[in-house]
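Here is a quick tour of one fold, meant to be read with the viewer open. Have a look around first, then follow along below.

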Amino acid sequence: MELWFSEFHAPDVKHSIRVDRHLYSHKSEYQQIDIFDTPEFGRVLTLDGNVMLTERDEFIYDEMITHVPMAVHPHVKDVLVIGAGDGGVVKELARYESIRRIDLVEMDEQVIEACRTYLPENACRLDDPRVHIFYDNALRYIRRCKDQYDLIIVDSTDPFGPSEGYFTREFYGICYNALHEDGIMVNQQGSPFYKHDAEEIQRCHKRIVSTFPVSRVYQAHIPTYAAGYWLFGFASKKYHPIDDFDEVKWKELKLDTQYYTTKLHKGCFYLPAYLEKMLEEVE
């Protein structure tokens, strides 16, 4: 008997992955956590039935949400990561020796513990001495922060259920206040292909544009996410993602990446016509 995991990307569309073993299943205070072992994508983490990452393509997401802002801001020292309990974003940030503090706010301790056990490659830098883990609601945590961070990375789940509050105008305003005067915020914004997701992206973009003086959207292609096409938001108090991009400085770091390149950095901000139009409608 074959076992398959299926995730609905739209009411009439689902993505299925054949499963070898169901390694972990736990209902935490916040959500259902499952980890599967699959022949094509390796280990797969799902929350409430939605794929968060797979070993096969997680590097795309983690590199693009991390290296794009790091290659723009000239002196990132203090970073706040919201969500990302799997440890992938922290792993990428920890490669930068210039960073002195990484604060990780994850509301669900069980996600981190499960990933430490079953996804150790992702969680391998959670014990870095620069990393401080706070098990808290990010809204409550960040309200206490004023002028503390150079970079905020919002690696939340989609804007439903536990993460709904991370896509509000209030939340973006709180992030703005928590950043230094030249700070950057990046967040995942989902896929623009299906109608319901596209509407959420428009709402999100409208709120960020009204909060930050610089706001741009960029893209990556992630096979296991909806339509294989994913968006990120780049919001800044000062820096433009292309005009202030220091290609030479980033190359001097000699970081080995599997997806991100300095050429791709420039190209990922050039969006297809339908997406440009969709975003312009709310700007």
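Where is the place of K254? K254 sits in the loop between α8 (247–252) and α9 (262–267); helices here are DSSP runs of H or I with at least four residues, strands are runs of E with at least two, and both are numbered from the N terminus.

A word on ground rules. This is a predicted model, so to speak with filters on: local features need pLDDT of at least 70, side-chain atom pairs count only at pLDDT 80 or more, and totals for chains, interfaces and linings use all residues. Residues are numbered from 1 along each chain as its sequence is written, and side-chain values use heavy atoms, with hydrogens and water left out.

**Two loop residues with positive phi**

Most residues other than glycine have a negative phi. K254 goes against that, with a positive phi of about 55°. D48 is another non-glycine residue with a positive value, near 50°, and its place is in the loop between β5 (42–47) and β6 (50–54). As for burial, the cut-offs are under 20% relative accessible area for buried, over 50% for exposed, and partly exposed in between (1.4 Å probe, protein chains only). K254 is exposed because its relative accessible area is 73%, whereas D48 counts as partly exposed because its value is 41%.

**The sheet**

Seven strands form an open sheet in the order β9-β8-β7-β10-β11-β13-β12, with mixed pairing. Two strands pair if DSSP finds at least two bridges between them. At the edges are β9 (131–134) and β12 (214–220), each pairing on one side only. From one strand to the next, the twist averages 15°; the axes behind such angles are lines fitted to C-alpha atoms (for helices, over the stretch in contact), and angles run from 0 to 180 degrees between N-to-C directions.

Here are three of the pairings, each with one facing pair of residues:

| Strands | Sense | Bridges | Facing residues |
|---|---|---|---|
| β7 and β8 | parallel | five bridges | D78 and R101 |
| β11 and β13 | antiparallel | six bridges | I184 and S236 |
| β12 and β13 | antiparallel | seven bridges | V217 and G233 |

β13 is mostly covered, with seven of its seven residues buried. W230, F232, F234 and S236 point one way, while L231, G233 and A235 point the other. That fits the usual picture: in a regular strand the side chains alternate between the two faces of the sheet.

**Helix α7**

How far apart are the end C-alpha atoms of α7 (residues 195–209)? They are 21 Å apart, which agrees with the 21 Å its 15 residues should span at 1.5 Å a residue; the expected span is 1.5 Å times one less than the number of residues. The buried residues of α7 include A198, I201, C204 and I208, along with D197 and E200. Among the elements covering the buried residues of α7 are β1 (3–10), α6 (169–178), β12 and α10 (273–280).

**The cores**

A nonpolar core is a set of buried Ala, Val, Leu, Ile, Met, Phe, Trp, Tyr and Cys residues joined through side-chain atoms within 4.5 Å. The largest one has 53 residues, and M64, L93, L151 and Y218 touch the most other members. Helix α1 (residues 58–70) supplies the largest share of this core, seven residues. Apart from it lies another core, of 23 residues, among them L139 and Y141.

Leaving aside neighbours within four places in sequence, L151 is in contact (heavy atoms within 4.5 Å) with residues including P69, M70, D78, L93 and I184.
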